[in-house]
Amino acid sequence: MENPIIGKGWSFPPSFDNSTDTVVITTDDTDIQNSLHILLSTTKGERVMEPDYGCNLDKMLFEPITTGFKTYISEMVRHAILIYEARIDVNSITVDDSMQTQGLIRLIIDYVVRTTNSRYNYVFPYYLNEGT
């Protein structure tokens, strides 16, 4: 059953249902996870009508992975979520660099949906190398 307080939105990436000729709509936690993915993968200034929307993770691509870097990334993500994703409360953000030699840093976001008090976590893969 759909929760009207959490809302619904287009699937990400946008896809279409050929049988009904409509856009596929996501609801509840799937919509929140899609929203987080869009927020974290958008560069500030990329959206003309909302120039401060985004996280600028691409600017961190060549930074050395230090404790300061991990703290900066987690606080940058926390601030972006605080401003642009009002449906959740962030419990913790962990920067997992155990796969950095493969060019991958994972951002693990542990959050609670405000209206339902349901706990979830979202893992955002931040690639340091280009895809092959």
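This briefing covers one aromatic pair and the packing of two helices. The model is predicted, so local features need pLDDT of at least 70 and side-chain atom pairs count only at pLDDT 80 or more, while totals for chains, interfaces and linings use all residues. Residues are numbered from 1 along each chain as its sequence is written, and side-chain values use heavy atoms, without hydrogens and water.

**Aromatic pair**

- One aromatic pair (ring centres within 6.5 Å) turns up in a search of the whole structure.
- Tyr-53 and Tyr-84 have ring centres 5.0 Å apart and planes at 75°, so the pair is edge-to-face (over 60 degrees).
- Tyr-53 sits in the loop between α1 (28-41) and α2 (67-84), and Tyr-84 is in helix α2, so the pair ties together parts 31 residues apart in sequence; helices are DSSP runs of H or I with at least four residues, numbered from the N terminus.
- Tyr-53 is buried (under 20% relative accessible area, 1.4 Å probe, protein chains only) at 9%.
- Tyr-84 is partly exposed (between 20% and 50%) at 27%.

**Helix α1**

- The buried residues of α1 are Asp-29, Asp-31, Ile-32, Asn-34, Ser-35, Leu-36, Leu-39 and Leu-40.

**Packing of α1 and α2**

- The two helices, α1 and α2, pack at about 125°, with axes 11 Å apart; the axes are lines fitted to C-alpha atoms over the stretch in contact, and angles run from 0 to 180 degrees between N-to-C directions.
- α1 and α2 are therefore oblique to each other (not under 35, over 145 or from 65 to 115 degrees).
- Leu-36, Leu-39 and Leu-40 of α1 make the contact (heavy atoms within 4.5 Å) with Val-77, Ala-80, Ile-81 and Tyr-84 of α2.

Conventions: Phe/Tyr/Trp six-rings, centres within 6.5 Å; stacked < 30°, edge-to-face > 60°.
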